[in-house]
Each structure stands twice: as C-alpha cells, then as structure tokens.
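Subject: A structure for you to look at

Hello,

I am handing over a structure that is new to you, and my notes come with it. Please open it and keep it beside you as you read.

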Amino acid sequence: MREFLPYLICISIIIFLLNSILSIGSIKSGSMEATLRTGDIVIGNRLAYIASEPQAGDILFFHLNGTTYCKRVIGVAGDKITFYDGYVYINDKQLDESAYLPEDVETNCTDTFVVPSQCLFVMGDNRELSFDSRFWDTPYISVNDVISKELFNLSAIFRNAL
C-alpha cells in the first residue's frame, strides 16, 4: 500500500486542481476559428473572476441551456452594442478587433443590444459561422454561468513546437 501512496497523492492533487482551479475543454465547433481550431484542447482558469469581472476580449467557457460554449466577450454590463457596415460598435465607438479578426471579416447583424447587469454579450471569432449572442433567444449570458477564462491553448503550443 505504501508504494501506491505517492501516486494516490499525485492523482488527488490533479483532481483537486482540475475541479477547483483549472478547467480543460475541447473546442467542439469552428465558431472561434482562426483563434481556436475545432478539436483544440484549451486550459481555463476557474479563479480568473474571483477578484475581477470579465472584460471585453476575454475568451470564456460557459454554460448555456445545458451546453458548454467557448466564445469571446464583446460587451459587458451597460454596454450598447450596434453593428454598422460589417463592424461592431460599443457605446458608439468602433470596436478594434484587429488582434483576432482578419481585416475582411464582417460582423453582420441588424439588432442593437444593451447588456443588462451581471450579464455578458459574446460572439465567436468566426463571425459568419458562429451561433452566438446575436442569434440566441436570450442574447446575454449570466456571469454566474461562466466556467473559466482561457488561460492557454495546449494544442497550439504543441502545433508551434513541431
């Protein structure tokens, strides 16, 4: 029994970390491409929002109607989100998405959204193929439904190492 004790301790620590501090998720669709590819394994930080709130630009894992999604935060509580000529506007200022969207990507929507308190407006980076806040019956996710914030893309690390 003593020879298995170190293994049991190690497994217990890993289980604690995965259930309390980290999350491991796989990307199930192409809605976040090219940032996250279908099948990528992503490590998330479950404690990211203990002392702070989600911010525009964060990539989150969250629950919605019994399904786990991964999307980018576009708007936070109080933000007015509009769309014009293929671009996203937050509080009447064009959102700079050059860090994660190719220049030729258009974000099409005819609605205007005002994000309620304790809620977020999210979209996938692959705007033409993303089922996100623009199309949901209830367009906002509760901050209470956030599982974790993307910490790093494990698959991308291995892809880049090869």
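Below are some notes on pockets and on one surface patch.

This is a predicted model, in which local features need pLDDT of at least 70 and side-chain atom pairs count only at pLDDT 80 or more, while totals for chains, interfaces and linings use all residues. Residues are numbered from 1 along each chain as its sequence is written, and side-chain values use heavy atoms, leaving out hydrogens and water.

The largest pocket (an open set of points on a 1 Å grid where a 1.4 Å probe fits, with protein on both sides within 12 Å along at least five of seven lines) has a volume of about 340 Å³, taken as the space filled by probe spheres set on the points. Its lining (residues with an atom within 4 Å of a point) has 20 residues, and Ser 26, Lys 28, Thr 68, Tyr 69 and Cys 70 lie nearest the centre. Strands E1 (22-26) and E4 (67-76) each supply at least two lining residues; strands here are DSSP runs (E) of at least two residues, numbered from the N terminus. The largest share, five residues, comes from E4.

The second largest pocket holds about 210 Å³ of space. Of its 13 lining residues, Tyr 87, Glu 97, Ser 98, Pro 102 and Glu 103 lie nearest its centre.

Finally, Ile 15 lies in helix H1 (residues 5-20); a helix is a DSSP run (H or I) of at least four residues.

Happy exploring!
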